[in-house]
Amino acid sequence: MRKEKDSMGDMQIPDDAYYGAQTQRAVENFPISGITISKSMIQALGKIKRSAAIVNHELGLLDDDRKNAIVQAADEIIEGKFDTQFPVDIYQTGSGTSSNMNCNEILSNRASEIMGGKIGAKDPVHPNDHVNLGQSSNDVIPTAIHIAANTMLEEELIPALQNLANELDKKATAFSDIVKIGRTHLQDATPITLGQEFSGYAQMVKNGIKRIQNAQGFLSELALGGTAVGTGINTKAQFGSLMAKEISHFTGIAFSEASNHFEAQGAQDAAVETSGALKTIAVSLSKIANDIRWLGSGPRAGLGELILPAVQPGSSIMPGKTNPVICEAMIQACAQVIGNDLAITIGGQGGVFELNLMLPLIAHNLTNSITILSNGTIVFTEKLIIGLKANKEKCAGYIEGSLAMCTSLAPVIGYDKAADIAYKAYNSGKTVREIAIEENVLDKDKLNELLDPLSMTKPSN
């Protein structure tokens, strides 16, 4: 162990730790969940600190050697070399100051080491004076949330959703000539094609992508430059705009300085909106997964209209059983995202005067939602949708026996007469066609024309 000092006194730090006294104090103060900040947040902090070193150098506030050392150390953080050096629990100070200082201390020690200094000495690179120069935890952590979320959406979730939408479109085309029974209220309804059903799923996913992209507009605004309360005290007026430019250059994603720093630090509306979009996507994906699960039920005593890929044995007691496990995993992930959204919504209400005090909670739940939606969508697409097949015989078999077939007769023979035929078919166990022929309600050619299932899947001419 080594001894280090912060403003409150001495602390014992593990010899192999790159973090310092403030981090160790936070570790001891918050032994709550054992959950630490996400890798995406760590990377976002690294991007902020690397960019700050470059910008402060441009502003003449940081010399070449310190700038280069901090940039090198920050790149190592971004690469994941120091992931284990972020031990602070997510349930900590509401501003995320402990995590900001955790990063500052790692960078101070690593940059000092690069320059030939000793770990723990805060020299030649100081965590506050050099690494945190021009910044406050109050603008760093909101910025990190926006960078982490926007990057994950751009690089992970949107591509995963786009691929799913493409595969659903392919299924819609492949299933376009397969007529099946529609269902409303879990009861038989008029015919629909399996392709039409899947086209609806594809559109839900495409709409979800648009919702995310709308939210990205607000996520692209960064709080940096506001420092403690939004006024920009202790930093240069150009710092925020230069930081947005540098971060945009490094990430390849367009960021801008917040249009109003008091909003950017006092509220977390962009995160709440983004979570709302994620929740909507989760609801969509849950519906799609649940529909497919039900349509594939069976194989002999269920609906059986879809044949789901078998990916693993389904039972520890029933040999030969396979279950819709990919659907179930997707539904569970969606449920978690919906739960995360409530936590984020409550977190958004943590804005008190000039600072939101639930930033680590928001960061954790938002990045977690994006991660499990991204990974869940990839698994859902690759292990289920691509290999999904239609049971054409089963789809066709349900149609002729459906009482909803009488719907196409109603415009010609009237609602009441059509309903009477449906009741008689139900009570007798016969089909609508058989009862209509027995009662001679229409000539056979006209009856066959009206009871053609395919013609029922689109408006009449």
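Let me begin with Val352, a residue of strand E8, which spans residues 351–352. Please bear in mind throughout that this is a predicted model. Val352 is partly exposed, because its relative accessibility is 42%. Together with Phe353 and Leu357, Val352 makes a nonpolar surface patch of about 340 Å².

I turn next to the charged side chains. In general terms, side chains of opposite charge can pair when their charged atoms come close. How many salt bridges does the structure hold? The count is 22. I shall discuss three individual pairs and then one network.

The first pair on my list is Asp63 with Arg66, whose side chains form a salt bridge at 2.6 Å, taken from N to O. Asp63 has a relative accessibility of 33% and is therefore classed as partly exposed. Arg66 falls into the partly exposed class as well, because its value is 22%.

The next pair is Glu79 and Lys81, which are joined by a salt bridge with an N to O distance of 3.7 Å. Are these two residues buried or exposed? Lys81 is exposed, with 56% relative accessible area, and Glu79 is likewise exposed, at 53%. The cut-off for that class is over 50%.

The remaining pair is Glu439 and Lys417, with a salt bridge of 2.8 Å from N to O. Where do the two partners lie? Glu439 sits in the loop between helix H16 (432–438) and helix H17 (444–450), while Lys417 belongs to helix H15 (residues 415–428), so this salt bridge ties together parts that are 22 residues apart in sequence. With regard to accessibility, Glu439 has a relative accessible area of 28% and is partly exposed. Lys417, at 30%, is also counted as partly exposed.

Beyond these pairs, there is a network to note. Which residues take part in it? Lys180, Arg183, Glu197 and Glu305 are linked there by salt bridges.

Finally, I come to the cysteines. How many disulfides does a search of the whole structure find? The search returns zero. For Cys327, the nearest cysteine sulfur belongs to Cys334 and is 11 Å away, and Cys327 is in no disulfide. A disulfide would require the two sulfur atoms to be within 2.5 Å. Cys327 has 0% relative accessibility and therefore counts as buried. Cys103 is also buried, with a relative accessibility of 0%.

To close, I would recall two points: the nonpolar patch made by Val352, Phe353 and Leu357, and the salt bridge between Glu439 and Lys417. Thank you for your attention.

Key: Residues numbered from 1 in each chain as written. Predicted model: local features only at pLDDT ≥ 70, side-chain atom pairs only at ≥ 80, totals over all residues. Heavy atoms only, no water. Patch = residues over 30% accessible without salt bridge, like charges linked within 9 Å, V, L, I, M, F, W, Y side chains within 5 Å. Areas by Shrake-Rupley, 256 points an atom, 1.4 Å probe, with all protein chains shown as cover. Salt bridge = Lys/Arg side-chain N within 4 Å of Asp/Glu carboxyl O. Helix = DSSP H or I, 4+ residues; strand = E, 2+ residues; numbered from the N terminus. Buried < 20%, exposed > 50% of the residue type's maximum accessible area, 1.4 Å probe, protein only.
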